Structures are given as structure tokens and as C-alpha cells.
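Here are some short exercises to work through with the model open beside you. Take each task first, then compare your reasoning with the solution.

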Amino acid sequence: MNDRTPVQRPTRPEAGSDHAQLDLEHFLPYRLSVLSNRVSGTIARIYTERFALSITEWRVMAVLGRYPDLSANEVAQRTAMDKVAVSRAVARLLDAGRLQREIHGDDRRRSVLRLSEAGYGIYDEVAPLALQFERRLLQGIDDTERALLFRLLDRLDELELRADSELPAP
């Protein structure tokens with residue numbers, strides 16, 4: 001076991017019971033969450049100040065900018081965001097005229113979403129700024145390290161899906 005592996009160690013007993021200790025600084029889910037929150041927060045300053053968009057709203061717009069004509073459930077699946085949060089973001093974006101909802105041609109019960117002209121106007125401003133931020137963020141990582149980083153992220157994604165499928169049903 002190396003020194004970067006999170007370990008559960010008993011701590012000093014408190015009130016007659018032992019407690020496991022989780023070393024958060026070396027616990028992968030915690031580290032990924034903190035980093036994701038910091039990176040998302042930095043980028044969010046760009047679109048929050050200019051367009052009064054929340055992180056959830058921008059993620060919905062980013063997905064629909066890349067993949068138009070998805071249902072709200074499909075957006076939630078692609079972003080791994082809570083369906084309720086996506087639904088609220090979609091409602092706000094529809095009210096603001098940034099999204100359009102249409103009935104799917106093949107399935108009259110299914111509605112799909114796409115960016116409106118106003119939505120594309122925002123997307124076309126924010127997407128290049130987000131890409132510029134990503135370039136600045138990654139400029140300290142050479143091409144070999146960057147390729148390794150993305151291979152490892154892809155592998156972690158696969159492993160997470162497997163681990164999730166092996167959990168007992170609630």
C-alpha cells in the first residue's frame with residue numbers, strides 16, 4: 001500500500017466507541033469533487049457575470065450546443081446531474097428564451113430541447129472562453145502527460161460504471 005491510498009484507521013475512542021478515519025486528502029472521490037468544484041467555479045465566473053447563468057444552466061446549454069434535440073432526461077444522463085436540477089435549469093432557460101422545446105417527430109409523447117438563437121448567441125461567446133480557460137489550465141502539462149491524463153480519466157469512468165453496477169440495489 002502506498003502513502004497515497006486512503007486508509008481507514010481507528011482513531012482514539014470517543015465516548016467509548018471507535019470511529020473510522022477517512023483521509024480525505026488522499027480519497028479519490030473527494031479530491032475529484034473538490035477539483036471539479038474549483039474548476040467549475042472559476043469558469044462559472046465568466047458566464048455568471050455576463051449572462052446570469054448558473055453552473056447547471058450552462059451545463060445544459062453546453063450539452064445542447066453539442067447535442068441538440070435531446071430530452072431533459074437525456075441531458076441529465078449526459079451530465080450525470082440530478083434530474084430535478086436539470087428540469088429546473090431547463091425551465092429557467094425556456095423562460096429566458098435561451099432554449100426551445102419541440103415535440104419529437106417520431107414520438108409525439110417525447111419533447112426535445114435545443115438552443116434558441118439567443119441561446120446560441122450565449123453559447124458562441126462562452127464556449128471559446130471555456131476552451132481558452134482549459135488551455136491555460138493545461139498549459140503546464142505536456143502532450144504526453146495530457147494524453148495519459150485523459151486515458152486515466154476514461155479508465156476511471158469505465159471503472160466507476162462497473163463499481164456502480166456491482167452495488168446492491170437500494
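The exercises below concern a predicted model.

**Exercise 1. Classify the ring pair formed by Y120 and Y123, and say where both residues lie.**

Start with the count: there are 3 aromatic pairs. In the pair of Y120 and Y123, the centres are 6.3 Å apart and the planes make an angle of 85°. Planes over 60 degrees apart count as edge-to-face, so this pair is edge-to-face. Next, find the two residues: both belong to helix α5 (residues 117–138), 3 residues apart, or about one turn of the helix. Finally, look wider: ring pairs join Y120 and Y123 with Y47 and W58 in a cluster.

**Exercise 2. Decide whether Y120 and Y123 are buried, partly exposed or exposed.**

Buried means under 20% relative accessible area, so Y123, at 17%, is buried. Y120 has 26% and is therefore partly exposed.

**Exercise 3. Compare the settings of D69 and A80, two residues with positive phi.**

Take D69 first: its phi is near 70°, and it is not a glycine. D69 sits in the loop between α2 (55–66) and α3 (72–79). Its relative accessibility is 30%, so D69 counts as partly exposed. Now turn to A80, also not a glycine, with a phi of about 55°. A80 is placed in the loop between α3 and α4 (83–95). At 72% relative accessibility, A80 counts as exposed.

**Exercise 4. Which residues gather in a patch of negative charge on the surface?**

The patch brings together D154, D157, E160 and D164. To place one of them, go to helix α6 (residues 143–165), where D154 is found.

Methods:
Residues are numbered from 1 along each chain as its sequence is written. This is a predicted model: local features need pLDDT of at least 70, side-chain atom pairs count only at pLDDT 80 or more; totals for chains, interfaces and linings use all residues. Side-chain values use heavy atoms; hydrogens and water are left out. Patches are made of residues with over 30% relative accessible area and no salt bridge: like charges are joined within 9 Å, nonpolar side chains (Val, Leu, Ile, Met, Phe, Trp, Tyr) within 5 Å. Accessible areas come from the Shrake-Rupley method with a 1.4 Å probe; for residues, only the protein chains shown count as cover. A salt bridge is a side-chain nitrogen of Lys or Arg within 4 Å of a carboxyl oxygen of Asp or Glu. Lys and Arg count as positive and Asp and Glu as negative; His and the chain ends are not counted. The place of a charge is taken as NZ of Lys, CZ of Arg, CG of Asp or CD of Glu. Helices (H or I, at least four residues) and strands (E, at least two) are DSSP runs, numbered from the N terminus. Buried means under 20% relative accessible area, exposed over 50%, partly exposed in between (1.4 Å probe, protein chains only). Rings of Phe, Tyr and Trp (its six-membered ring) pair if their centres lie within 6.5 Å; planes under 30 degrees apart count as stacked, over 60 as edge-to-face and the rest as tilted.
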